[in-house]
Amino acid sequence: MERSDREPLVRKTSSSYHTFPESTARRLDREYLRSLHNKRLYLAVFAAVLGNFSFGFALVYPSPVIPALEAHPNPALRLDQHTAPWFGSVFTLGAAAGGLSTMLLNDCLGRKLSIMFSALPSALGYALLAGAQGLWMLLLGRLLTGYAGGVTSASIPVYISEISHPGVRGMLGACPQLMAVLGSLVLYALGLVLDWRWLAVAGEVPVLAMVLLLCFMPNSPRFLLSQGKEDEALGSLCWLRGEDTDYAREYEQIKDSVRKQSRRVSCAELKDPFLYKPILIAAGMRFLQQLSGVTCILVYLQPIFKKTSVILKPEYDAALVGLVRLSSVAIAAVSMDKAGRKILLFVSAGVMLVSNLTMGLYIHFVPASHNGTMANTTLVSSANLPAEPTNYITLIPLLAIMFFIMGYAMGWGPITWLLMSEILPLKARGVASGLCVVVSWLTAFTLTQFFLPAVNAFGLEVPFLFFAVISAGNILFTGCCVPETKGRSLEQIEAFFRTGRRSFLR
């Protein structure tokens with residue numbers, strides 16, 4: 001098709017999605033999606049999600065490190081039952097601060113530069129951890145890597161959603177979670193062979209690779225249009241879609257959407273359901289995601305396995321769980337654009353509910369001689385005790401955790417990130433995504449900080465039964481509040497919240 005043949009099409013679609021009859025518009029959309037070249041888009045996404053790899057690596061860093069530091073010969077570096085919770089939880093406090101600052105960074109620097117900015121605190125944090133001579137360096141290193149993780153948590157999903165098209169946005173939207181899981185798995189694997197200082201050195205590698213690759217990637221066309229940089233936006237979309245495609249039609253649709261939302265959001269406008277409904281849904285999902293206990297379980301994975309005397313060594317259990325998590329996210333990435341978001345969220349929450357309930361009931365009812373739990377032994381101190389399984393029934397905690405992680409990774413892990421970037425309106429996307437990350441990581445900090453004291457006071461079964469109740473709430477929230485966005489453009493999703501007409505999502 002020659003450019004002269006396409007120009008009338010561009011002019012007609014600049015004002016509305018419904019200039020053509022609905023069947024004709026859908027046929028044109030399908031033809032356009034089939035014509036696209038995705039290699040450069042995949043490269044841009046890969047460059048960005050290296051930040052998520054670093055985030056996943058840093059998040060679970062305490063899992064193999066806490067047992068090593070509890071036995072450290074230097075008193076200045078040795079952790080006890082009071083300092084270990086801070087070493088595990090201060091990362092999430094930094095992530096909350098990172099999400100808060102991203103409210104400003106996303107709209108001022110843009111999505112790509114915000115991701116690149118995160119490399120500075122991340123590299124400095126890993127350097128402090130690698131060269132730590134005292135507790136303050138350990139905590140500051142964790143805080144800085146957490147801050148970087150908060151920035152990437154809020155910036156990368158938005159960047160990916162804004163450069164992707166509906167044909168692959170579900171699959172690519174799962175990539176941040178996929179890479180975070182891969183980062184955690186690599187940390188567990190390296191923890192089998194590397195000292196805790198060298199683990200921190202290894203964390204520098206993906207950070208440097210991310211910065212170098214992003215130097216050659218374009219910024220989001222939607223962000224460039226919001227800044228009035230029309231030529232750059234058109235060039236960015238051309239680079240992402242391919243010069244021989246009808247990218248000009250998509251450009252006009254994006255431009256029309258940005259023009260309708262050119263002004264910054266005001267406090268008075270927050271009363272508009274078009275703004276507050278998607279923000280509440282996204283924030284609610286991030287709140288429930290963390291309240292399901294995933295961060296606590298990942299951070300304290302090896303001590304939990306020590307506590308329950310799983311038949312395998314805790315470090316191998318952790319690596320096995322990481323492998324299951326990676327496989328599950330990969331399955332979600334492939335099926336998200338086929339099965340839909342909501343069905344995966346239902347399945348995910350159901351598996352998490354059964355797994356948490358199984359774990360809680362096992363710890364409560366199985367005698368201590370089988371599960372290794374002792375009323376007078378804290379979760380932290382038990383990490384230093386040799387595991388002495390007496391029965392194959394001790395495989396139950398390993399299987400329960402594996403199924404919990406599998407369920408989380410198939411739905412409430414990746415889809416929560418994806419939906420946040422899909423449903424938030426463009427004019428509030430930068431601020432709202434930062435707000436969602438703040439909600440998420442403040443919740444994670446609270447749970448991670450009080451998880452060990454709760455276990456020591458009430459037993460390990462109480463947190464898992466609490467997580468089971470939250471998982472049941474996730475099912476209800478999905479059914480009542482979450483819209484299905486499979487196969488819809490960002491502009492169509494915004495039209496749904498603006499008008500309340502579900503025909504936009506059919």
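**Helix 5 and the nonpolar patch**

Guide: Welcome! In this predicted model, G110 follows just after helix 5 and has a positive phi of about 100 degrees.

Visitor: What makes you say that helix 5 is mostly covered?

Guide: Of its 25 residues, 18 are buried, and buried means under 20% relative accessible area.

Visitor: How do you know what span to expect for helix 5?

Guide: The expected span is 1.5 Å times one less than the number of residues. For the 25 residues of helix 5 that gives 36 Å, and the helix reaches 37 Å from its first C-alpha to its last, close to that value. Helix 5 also has a kink of about 40 degrees, centred on T102.

Visitor: Why is C108 called partly exposed?

Guide: Its relative accessible area is 48%. Buried requires under 20% and exposed over 50%, so a value in between is partly exposed, and C108 therefore earns that label.

Visitor: And why does C436 count as buried?

Guide: C436 has 0% relative accessibility; the cut-off for buried is under 20%, so C436 counts as buried.

Visitor: Which residues make the nonpolar surface patch?

Guide: W86, L93, W136, L140, L143 and L442 form it, with an area of about 550 Å². Helix 5 (84–108) and helix 8 (135–163) each give two or more residues, and helix 8 gives the most, with 3.

Visitor: What makes L143 eligible for the patch?

Guide: L143, found in helix 8, has a relative accessible area of 31%. Patch residues need over 30%, so L143 passes that cut-off.

Definitions and conventions:
Residues are numbered from 1 along each chain as its sequence is written. This is a predicted model: local features need pLDDT of at least 70, side-chain atom pairs count only at pLDDT 80 or more; totals for chains, interfaces and linings use all residues. Side-chain values use heavy atoms; hydrogens and water are left out. Buried means under 20% relative accessible area, exposed over 50%, partly exposed in between (1.4 Å probe, protein chains only). Patches are made of residues with over 30% relative accessible area and no salt bridge: like charges are joined within 9 Å, nonpolar side chains (Val, Leu, Ile, Met, Phe, Trp, Tyr) within 5 Å. Accessible areas come from the Shrake-Rupley method with a 1.4 Å probe; for residues, only the protein chains shown count as cover. A salt bridge is a side-chain nitrogen of Lys or Arg within 4 Å of a carboxyl oxygen of Asp or Glu. Helices (H or I, at least four residues) and strands (E, at least two) are DSSP runs, numbered from the N terminus. The bend at a residue is the angle between axes fitted to the seven residues ending there and the seven starting there.
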